[in-house]
Amino acid sequence: MKPSPIVPTVDFDAGGVQHGFLRLPWSRDESAWGNLMIPITVVSNGEGPTALLTGASHGDEYEGPVALVDLARSLDPADVSGRVIILPFLNYPAFRAGRRLSPIDAANMNRIFPGQPDGTVSQKIADFVQRQFLPLADVVLDFHSGGKTLDFVPFAAAHALPDQEHEARCHAARDAFGAPYSMTMLEIDAVGMLDTAAEELGKVFVTTELGGAGTATARSIAIAKRGVRNVLIHSGILAGEVVQSPSTRLDMPSADCFVFSETDGLIEPCVDLGDRVAAGDVIARVHSATRTGEAPVDYHARLSGILAARHAPGLIGIGDCLGVVATLV
Ligand SMILES: [Zn+2]
């Protein structure tokens, strides 16, 4: 396979703190021999595991970026045993545009792994992560939230995995994160995800959904900041004790978790995030946005549990995810 065109300005084998860039040649109208400069921090000290920490895989999700710029600025190499690679803005063009997808190539960073060294800008970034970072990493923490169109109860997540020992390591790291909810997550479509790429290499992989609606809150950011340090402590990279707090275990046992809208219109939430629901309960109704006097369309929970995710904007389109009901373990 071709070499990556990305040139890091940091040395992954050097000790101490380095703040730099992944420099990706990007020739365009505004800059003929220009580059995309993706910020990166490496903090390294002696022997120990390597953690890869990523935020803004989707550019409109903010807890990860805030927690990771904070960590990059404050992490003292004297406190580290091993190495921490911090990429707060993985899909940097999307992050700068405040969008889920890259404005350059419309790529969804979490659907294009393993990437391609001679592909589009986003494919080149994914390829660099796949071939340069994943082999170095023992643990991967990839922050997500709902972005502009979804909102979540704050949870850390790991997947059900075929290898029980591997699954146990991932679930232990998820539980160490210490979010208010800890989810065993089912993906609608796991092809091309960083999650799948890391898991296929046997890495400890933890992801999150910490909020959404295109913003972050003081509470969700505090969860992110505490969680990333907890995962580093759990991995043996930072000294100290994991800060424990109560966490509710959730599961997504089947595709019945998901409720998708089959109508366009004005959404009326009937339960809020975190509320208990029983199978058959109306979780939202969709009213006509074009005329009065019409009955709304009701959408029902198909499982009993809590409302773990909901559509964020006030208008919904046909095919949009209206809500997710997770079961209580
Ligand atoms: Zn995301």
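**Pocket, cavity and helix crossings**

β17 gives the most to the lining of the largest pocket, with three residues. That strand is a good place to start reading this predicted model.

The largest pocket has a volume of about 620 Å³. Its lining counts 32 residues, and R100, R111, L150, F152 and I188 are the closest to its centre. Several elements give two or more residues to this lining: β7 (150-152), β9 (181-185), β10 (204-209), β12 (258-260), β17 and β19 (321-328). The chemistry of the pocket lining is mixed. It divides into 15 nonpolar, nine polar and eight charged residues.

Where does the enclosed space lie? Rolling a probe the size of a water molecule over the atoms shows where empty space is left. The structure holds one cavity of 30 Å³ or more. The largest cavity has a volume of about 80 Å³. The residues I267, P269, V271, I283, A284, L307, R310, H311 and L322 line this cavity. Two or more of the lining residues come from each of β13 (265-269), β15 (282-287) and β17 (305-311). β17 supplies the largest share of the cavity lining, three residues. The strand β17 also gives the most to the lining of the largest pocket. By class, the cavity lining has seven nonpolar residues, one polar and one charged.

Next comes the annotated region. In an unreviewed entry, UniProt lists residues 48-234 as "domain: Succinylglutamate desuccinylase/Aspartoacylase catalytic". Over this range the chain is 37% helix and 18% strand. The C-alpha atoms at the two ends of the range are 13 Å apart.

Helix packing can be followed from α6. Helix α4 (residues 164-177) packs with helix α6 (residues 218-234) at an angle of about 135°, and their axes are 7 Å apart. That angle makes α4 oblique to α6. The crossing in which α4 passes α6 is right-handed.

Helix α6 has a further partner in α1 (residues 63-74). How do α1 and α6 cross, and at what distance? Their axes come within 9 Å and cross at roughly 55°. The pair α1 and α6 is therefore oblique as well. The crossing of α1 and α6 is right-handed.

Backbone geometry closes the tour. Most residues other than glycine have a negative phi, and most peptide bonds are trans. Which residues of the loop between α2 and α3 deserve a look against that background? One of them is A106, found in this loop. A106 is not a glycine, yet it has a positive phi of about 60°. Another is P114, which lies in the loop between α2 (92-97) and α3 (121-133). A cis peptide bond joins F113 and P114, with omega about 10°.

To retrace the route, begin again at β17, which gives three residues to the lining of the largest pocket and three to that of the largest cavity. Then move to α6, which α4 passes in a right-handed crossing and which also makes a right-handed crossing with α1. End in the loop between α2 and α3, where A106 and P114 are found.

Methods:
Residues numbered from 1 in each chain as written. Predicted model: local features only at pLDDT ≥ 70, side-chain atom pairs only at ≥ 80, totals over all residues. Heavy atoms only, no water. 1 Å grid on protein atoms, 1.4 Å probe; cavity = no way out; pocket = protein on both sides within 12 Å on 5 of 7 lines; lining within 4 Å. Points joined across faces, edges and corners; volume = space filled by probe spheres on them. Helix = DSSP H or I, 4+ residues; strand = E, 2+ residues; numbered from the N terminus. Nonpolar A, V, L, I, M, F, W, Y, C, P; charged D, E, K, R; others polar. UniProt positions renumbered as here; feature names shortened; annotations may be inferred. Axes fitted to C-alpha atoms, helices over the stretch in contact; angles between N-to-C directions. Parallel < 35°, antiparallel > 145°, perpendicular 65-115°, else oblique. Left-handed = near helix turned anticlockwise from the far one by under 90°.
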